[in-house]
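Visitor: Please pick one part of this model and take me through it closely. I would like to see how it sits in the whole.

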Amino acid sequence: MEYAVLVIIHVLLAIIIIGGILIGRTAIIPFAGKSGNADFAFNFDKAFSRGSHAALTIQFLVGFRLAMLQLSMGDWFTFESSMSVSIVAKLALWVLLFAWTIIGKKMKLNDPETADLSGLKKYYNVLTIFALALLFFGLNMRLALV
Ligand code: HEM
């Protein structure tokens, strides 16, 4: 029962996090550029960023617990199975994603006062790479591609 609840929470949060990043990059930012309405994209980012650190932290804790249920912690860093590779990759990617949200803010890439749409685009390009990599390694745990 614990496992099922955790997987449901993890997948729901993955949809929100990955979905928000991809929609931002593929629909919101291009639309804002074409319609000359940069504020539209900056407002989307403002709404999406609210509570994002809380959501990422919950996702980390749930993922950590799922990883404990899948593989004993002593085997996490053996790289002997797809599960081990994926767990290490996801731990690293999560740290990078979280750090980038802080770095991007410090660089003011998503600040409408100082950044233009190209800064926001750069910010979302990097987020997209991390989101797709997290999706890949999430699915790799079942599909055993690498
Ligand atoms: C933003 C961060 C994360 C995202 C977007 C994410 C996304 C995903 C996705 C899409 C799946 C596939 C679900 C399925 O096949 O049913 C998954 C599974 C999984 N994730 Fe994450 N994940 C994140 C962080 C983490 C972290 C930090 C860990 C801890 C190492 C983790 C551990 C797991 C485990 C163990 C599974 C396999 C669950 C199972 O099917 O038994 N995840 N994740």
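**A close look at helix 4**

Guide: Start with the contacts. Among those in the protein with a separation of 6 or more, 68% join residues 24 or more positions apart. The model is predicted.

Now the frame. The protein has 5 helices and 0 strands. Read along the sequence, that gives the pattern α-α-α-α-α. The C-alpha trace spans about 50 × 30 × 25 Å along its principal axes. Of the 146 residues, 21% are buried.

Helix 4 is the part to zoom in on. Helix 4 runs over 82-106 and has 25 residues. From first C-alpha to last, helix 4 reaches 35 Å. At 1.5 Å a residue, 36 Å would be expected, so the two values are close.

Which residues of helix 4 are buried? They are Ser 86, Ile 87, Lys 90, Leu 97 and Gly 104. The cover over these buried residues includes helix 3 and helix 5.

Take Leu 96 next, also in helix 4. Leu 96 counts as partly exposed because it has 15 C-beta neighbours inside 10 Å, and the buried class begins at 20. Its C-alpha atom is separated by 7.7 Å from that of Phe 130. Along the chain, Leu 96 and Phe 130 are 34 residues apart.

Now the two flanking loops. Before helix 4, Phe 79 is found in the loop that follows helix 3. Phe 79 has a positive phi of about 55°, although it is not a glycine. Most residues other than glycine have a negative phi. Is Phe 79 buried or exposed? Phe 79 counts as exposed because it has 12 C-beta neighbours inside 10 Å, and the exposed class takes in 12 or fewer.

On the other side, Lys 108 comes just after helix 4. Lys 108 lies in the loop between helix 4 and helix 5. Lys 108 is not a glycine either, and its positive phi is about 60°. With 13 other C-beta atoms within 10 Å, Lys 108 is partly exposed.

Then the ligand. The shell around the ligand holds 25 residues, and the closest are Ala 14, Gly 63, Leu 66, Ala 67 and Gly 138. Helix 4 is one of the elements that give two or more residues to this shell, along with helix 1 (2-34), helix 3 (52-70) and helix 5 (117-143). The largest share, 8 residues, comes from helix 3. By type, the shell divides into 18 nonpolar, 5 polar and 2 charged residues.

Last, the core. The largest nonpolar core has 17 residues; Ile 29, Ala 41, Leu 120, Tyr 124, Leu 127 and Ala 131 touch the most other members. Helix 1, helix 2 (38-49) and helix 5 are the elements that give two or more residues to this core. Helix 5 gives the most, with 8 residues. Helix 5 also helps cover the buried residues of helix 4. What does Ala 41 touch, leaving out residues up to four places away in sequence? Ala 41 touches Ile 28, Ile 29, Ala 32, Leu 117 and Leu 120.

Terms used
Residues numbered from 1 in each chain as written. Predicted model: local features only at pLDDT ≥ 70, side-chain atom pairs only at ≥ 80, totals over all residues. Near = placed C-beta within 6 Å. Helix = DSSP H or I, 4+ residues; strand = E, 2+ residues; numbered from the N terminus. Nonpolar A, V, L, I, M, F, W, Y, C, P; charged D, E, K, R; others polar. Contact = placed C-beta atoms within 7 Å. Core = buried A, V, L, I, M, F, W, Y, C linked by C-beta atoms within 7 Å.
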